[in-house]
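Here is a short note for a first look. Please keep the sequence and the structure open while reading.

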Amino acid sequence: MNRAHSESAYPHLGQYINGNLIAGSGEIFDVQDPSTGAKLGRCAPASAQNVDAALIAAKSGFEIWRKMSAHERGNILKRVADVVRADKDRLAGLVTLEVGRPLSEAQVEVGHAAAMFEWAAEEG
C-alpha cells in the first residue's frame, strides 16, 4: 500500500455489528500511521449502546453457530482462511499502516491469522 495515498486507501471506520457497519459516537479522533504520523482516517469510539448491540448480536450468532455441525463450522472457517489468504496483500498493507510493522512482517502475520482459522476449522 502506497503510504503517500494512505488516507484515501484507509477504510471507513466503525463497528461491524450484526452485519452492519455502525458509526461510533463520542469524540472523533484521528487514526495515525505510527511510522510517519500521517493521518490515515478518523474514528469515533463505540458507545455503550454499540457495545450492548454487539453483545446481543454475538449471543444470537453463538446460538446459530452452536447448532451447526462441526463439519459446517469447519467449512465456514476454511472459507474465512481462504478469504484472508486471497486478500493478504491488502490486509498486510493495513497492518503496516496501523502499527508501523514492516510489510514483510505484516504479510507473515496475515498468513498466521489464516492458518489459525484453518486450525480452528480442523478442530470443529
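The points below go from the whole chain to one helix.

1. Status. This is a predicted model. Read every value as computed from that model.

2. Overall make-up. The chain has five helices and four strands. Their order from the N terminus is α-β-β-β-β-α-α-α-α. One helix thus opens the chain, the strands follow, and four helices close the order.

3. Dimensions and burial. Along the principal axes, the C-alpha atoms fill a box of roughly 45 × 35 × 15 Å. The chain has 124 residues, and 23% of them count as buried.

4. Contacts. Take the contacts between residues at least 6 apart in sequence. Of these, 50% join residues at least 24 apart.

5. Surface and charge. About 8200 Å² of the chain is exposed, with 56% of it supplied by carbon and sulfur atoms. There are 13 positive and 16 negative side chains. The centres of these two sets lie 5 Å apart.

6. Helix 3, length. Helix 3 covers residues 70-86, which is 17 residues. From first C-alpha to last it reaches 24 Å, close to the 24 Å expected at 1.5 Å a residue.

7. Helix 3, two sides. Which residues of helix 3 are buried? They are R73, G74, L77, A81 and V84. These residues lie on the same side of helix 3, because they cover an arc of only 100° around the axis. H71, R79, V83 and A86 are exposed on the other side.

8. Helix 3, cover. What covers the buried residues of helix 3? The cover includes helix 2 (48-67), helix 4 (88-99) and helix 5 (103-123).

Conventions
Residues are numbered from 1 along each chain as its sequence is written. This is a predicted model: local features need pLDDT of at least 70, side-chain atom pairs count only at pLDDT 80 or more; totals for chains, interfaces and linings use all residues. Side-chain values use heavy atoms; hydrogens and water are left out. Helices (H or I, at least four residues) and strands (E, at least two) are DSSP runs, numbered from the N terminus. Buried means under 20% relative accessible area, exposed over 50%, partly exposed in between (1.4 Å probe, protein chains only). Contact means heavy atoms within 4.5 Å. Accessible areas come from the Shrake-Rupley method with a 1.4 Å probe; for residues, only the protein chains shown count as cover. Lys and Arg count as positive and Asp and Glu as negative; His and the chain ends are not counted. The place of a charge is taken as NZ of Lys, CZ of Arg, CG of Asp or CD of Glu. The expected span of a helix is 1.5 Å times one less than its number of residues. The arc is that of the directions from the helix axis to the C-beta atoms.
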